[in-house]
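Got your viewer open? Let's take a short walk through this model, one selection at a time.

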Amino acid sequence: MKDDKLKTKRHQKMSIVIKTAEEIEKMRAAGKLAAQVLEMIAPYVKAGATTNELNDICAKFTEENGAISAPLDYHGFPKSICTSINDVICHGIPSDRALVDGDIVNIDITVIVDGYHGDTSKMFLIGDVSPKNVRLCRIAQEALYVSVKKVRPGMKLGEIGTLIEKFIKSKKTGLEKYSIVTDYCGHGIGAGFHEEPQVMHYKNNDKTVLRPGMCFTIEPMINAGRHTSVLDKKDNWTVTTSDGKNSAQWEHTLLVTQTGVEVLTLREEEKELPRVINH
């Protein structure tokens with residue numbers, strides 16, 4: 001979800017919240033439920049389903065598990081999840097638009113459990129998706145994994161974006177050239193939906209040093225065309241690619257540990273990514 005500060009560089013000293021042992025346990029619970037929502041909704045994400053229907057199912061499941069859907073009423077956002085289809089980069093608002101064969105859709109889930117947030121998203125491929133779109137979705141996921149696997153205490157925050165940019169540039173083949181959205185970024189997370197620090201997904205020189213107890217998201221948004229985006233003037237939420245080409249995004253909430261990183265929102269299906277990575 002967007003926050004005003006997520007489209008601007010910081011102009012003042014950051015205040016990063018280092019989580020206590022008790023807060024870390026709450027973050028684990030929130031991350032686990034967020035992952036479970038994505039796992040639960042998977043069978044329903046198919047051609048003919050409307051994103052409003054998916055929204056209602058996720059909202060009900062979240063409520064039944066004693067949690068709150070964080071996006072609902074957040075700065076006026078009208079729904080409980082974000083559903084971003086094809087050329088929508090992020091913050092797509094669920095509607096009566098039915099999914100059709102060939103669509104790609106990002107479902108972004110944030111839940112609040114006992115006052116703490118878990119935030120995660122993944123791409124769903126509807127029916128017979130073109131090889132080009134399959135590749136876009138896969139590369140966006142790999143960009144997330146490449147960066148997550150390197151997170152460790154003592155690492156400079158800017159290294160995350162540098163890793164992602166190097167990876168994306170390496171995937172240029174023939175006429176296919178991918179770009180990284182620069183208008184939106186990852187963020188610290190905890191009792192607040194959006195906390196410091198900001199996590200850029202492109203090469204940058206942020207010298208903030210990662211410390212055990214920090215929690216933040218990495219959520220690269222990768223476009224099949226230009227990196228530029230357009231904000232819908234009517235709903236003031238939906239962000240699309242400026243050239244109409246498709247976009248893909250994957251997101252995890254992370255905890256920096258004493259020896260590496262813990263993926264708080266890992267799903268059972270993600271066999272290629274360990275929950276705990278030690279360096």
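**Stop one: a hidden strand**

Select residues 252–256, which make up strand 14: five of the five residues are buried, so the strand is largely enclosed by the rest of the structure. Keep in mind that you are looking at a predicted model.

Now turn on the side chains. H252, L254 and V256 point one way from strand 14, while T253 and L255 point the other way, and all are buried.

Who are the strand's partners? Add residues 215–218, and you have strand 9, which pairs with strand 14 in the antiparallel sense over four bridges. Look for C215, standing opposite L255 of strand 14.

Next, add residues 260–263. That's strand 15, joined to strand 14 by three bridges, again in the antiparallel sense. Here V256 sits opposite V261. Follow the chain from strand 14 to strand 15 and you'll trace a hairpin, with three residues between the two strands.

**Stop two: a helix with two sides**

Jump to residues 51–64, helix 2. Its 14 residues reach 20 Å from first C-alpha to last, close to the 20 Å expected at 1.5 Å a residue.

Color T51, N52, L54, N55, C58, A59 and T62: these are the buried residues of helix 2. Look down the helix axis and they fall within an arc of 155°, so they line one face of the helix. What covers them? Show helix 1 (21–41), strand 1 (68–69), strand 2 (82–85) and strand 4 (104–113), which are included in that cover.

Spin to the face turned away from the buried side, and you'll meet the exposed K60 and E64.

Last pick: G66, just after helix 2, has a positive phi of about 75°.

Note on methods: Residues are numbered from 1 along each chain as its sequence is written. This is a predicted model: local features need pLDDT of at least 70, side-chain atom pairs count only at pLDDT 80 or more; totals for chains, interfaces and linings use all residues. Side-chain values use heavy atoms; hydrogens and water are left out. Buried means under 20% relative accessible area, exposed over 50%, partly exposed in between (1.4 Å probe, protein chains only). Two strands pair if DSSP finds at least two bridges between them. The expected span of a helix is 1.5 Å times one less than its number of residues. The arc is that of the directions from the helix axis to the C-beta atoms. Contact means heavy atoms within 4.5 Å.
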